[in-house]
Amino acid sequence: MKSFRFLLLSLLMTLSLSGFAQQRFSDKDLVNILWAMGQMYPQGFTIDINTLQQPTEGLAVSYLATQNSFDKKDLPKVIKHAREHNGFVGGWYNPENGKYYFDSTRLFPEDSLVAAVEFARDNEQNTLYDISKGIEIWSNYEQKDIRIILDCDMGSSTDDLFALMMLHRYMDMKRCNLIGVIVDRMGKANADIVDVLDNFYGHPDIPIGLETAGQEVTHVWIPYHNLAYARTPDGVPMFQRSVGDEGTYMEGYKLYRKLLAEQPDHSVTIASIGLVTTLARLLMSGPDEFSPLNGKDLVRAKVKDIYAMGGVFGDAVEPDYNFKQAINFSLTFFELLPKEVDVVFSPGEVGDPLDYRPELVISDMDWTDVHPIKWTYQFLNCNTGQKMWDPQAIINAVEGDAFYQLSERGWVTLTPNGETIFTPDPKGNCRYQRPGDPVWCDMVLKYIRLMAIQH
Ligand SMILES: [Ca+2]
């Protein structure tokens, strides 16, 4: 390793001493430099071939054209492509097959995630790299057609806000299609918050359903339920809405039925990050104008899987909240859910280490003064132990099961005390997320933060 470092340093010194720094380097020089870089930075590097500077920020995406360029022999091809395009080359060493991979690379600003992911998908790259954050981002170009219904308890904890924010960002990246949002926390104001976010993030027409006969949960962790009615000092509504103050929302389980009936069989993913009251009512429902099937059969026919924030399977700091709050509905949900539908639980301990500090939320959103999440964090005390629990169900639903360390398969039963009991069985429909290590947690939090700076 030392010899390569020496080679690189002496090359750079020679070139800069002879006044080459302002000029383009010859192909031969670059082959030697990039090869030495590969040895020095086996975990990966990106370099500007005109200045030999390594950028300190940006989203680096490889071009398809230089895919499968291995080792020194392929470097001239990579250099030629980089010269004709963006002038960046990236490389890394794969210890599994002993090969060095080099690519002509395009660099996007870090607030251009959508364009970067689109480019990655067009170039058949499964990942891109955020240089300043030091994290890989998945583009999963082969994964298509994820249809999600979000079921949330907006209006109390703020992780629901981030979960919905992420779904909008994923939509922008064409990673999923959010076909509807159910609000299972009763009260129109809570659905109005969804309406605000849908408008703010540029998808104002997403259908919203509201639970009206679920369970009244009076405790509010962070009182942002009046967010939709915020006014500027001049009295003008601060946030745009599709459903006005006088508007109404469809009954939650009816919207479920409508949306499911419209979708192909086994195509819908439900991300449940609140209570399961509306899901229980859906499962109890009978045939109606939307479908001749009863709720159980409709779910069996249309739902592919459910990612549910809730349950306790390990050393959670706190007991489960989502299932316990409306225990009778939860018991019905567990009893009636068809066993063919896969469920992945995201217990509290997975999100516990993911602490998106209020001051970071506000600074990450400094690109605008009018922002519903920033408003919440500016005007309310969000330093309440709020963690990024709900986004875990969303990330898993979109990024896929390989992104998490999931348990083996088994069955989960719910006790009247709200305890989730897991019984291993290879035929079982349930798995649960296991907590990630500190490196993984750091990456996920950085990813959520990257979504927050997009505009
Ligand atoms: Ca929630």
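Six strands make up an open sheet in this predicted model, and they line up as β1-β3-β4-β2-β5-β6 with antiparallel pairing. The edges go to β1 (45–48) and β6 (135–138); each has a single partner strand, so one side of each is left without a neighbour in the sheet. Direction ignored, neighbouring strands are turned by 35° against each other on average.

Take one pairing as an example. Strand β2 (residues 59–62) runs antiparallel to strand β4 (residues 99–108), and four bridges join the two. S62 has its bridge partner, T105, in β4. Across β1, β3 (88–94) and β4 lies helix α2 (residues 27–40), which runs at about 45° to β3.

Now for the domains. The assignment splits the protein chain into domain 1 (2–138) and domain 2 (147–453). Their centres, taken over C-alpha atoms, are 40 Å apart. Where the two touch, domain 1 puts in 10 residues and domain 2 puts in eight residues. On the domain 1 side, α4 (113–122) and β6 are the elements that give two or more residues. That side breaks down into six nonpolar and four charged residues, with no polar ones.

What about the inside? The largest nonpolar core holds 124 residues, and L150, M165, L167 and I448 are the members that touch the most others. Helix α5 (residues 159–172) supplies the largest share, eight residues. Both domain 1 (2–138) and domain 2 (147–453) contribute to this core, so it lies between them. As a general point, nonpolar side chains in soluble globular proteins tend to be buried together.

Two residues are handy for looking around, M165 and V398. Here are their contacts, leaving out neighbours up to four places away in sequence:

| Residue | Contacts |
|---|---|
| M165 | L197, Y201, I373, M451 and A452 |
| V398 | I146, Y170, R175 and C176 |

M165, then, is one of the residues that touch the most other core members, and its contacts include L197 and M451.

V398 sits in helix α14 (residues 391–399). Is V398 buried or exposed? It is buried, because 24 other C-beta atoms lie within 10 Å, and 20 or more are enough to count. There is a long-range link here as well: V398 and K144 are 254 residues apart along the chain, yet their C-alpha atoms are separated by 9.8 Å.

Conventions: Residues numbered from 1 in each chain as written. Predicted model: local features only at pLDDT ≥ 70, side-chain atom pairs only at ≥ 80, totals over all residues. Pairing = 2+ DSSP bridges. Axes fitted to C-alpha atoms, helices over the stretch in contact; angles between N-to-C directions. Contact = placed C-beta atoms within 7 Å. Domains from an automatic or database assignment. Nonpolar A, V, L, I, M, F, W, Y, C, P; charged D, E, K, R; others polar. Core = buried A, V, L, I, M, F, W, Y, C linked by C-beta atoms within 7 Å. Buried ≥ 20, exposed ≤ 12 C-beta atoms within 10 Å, placed from the backbone.
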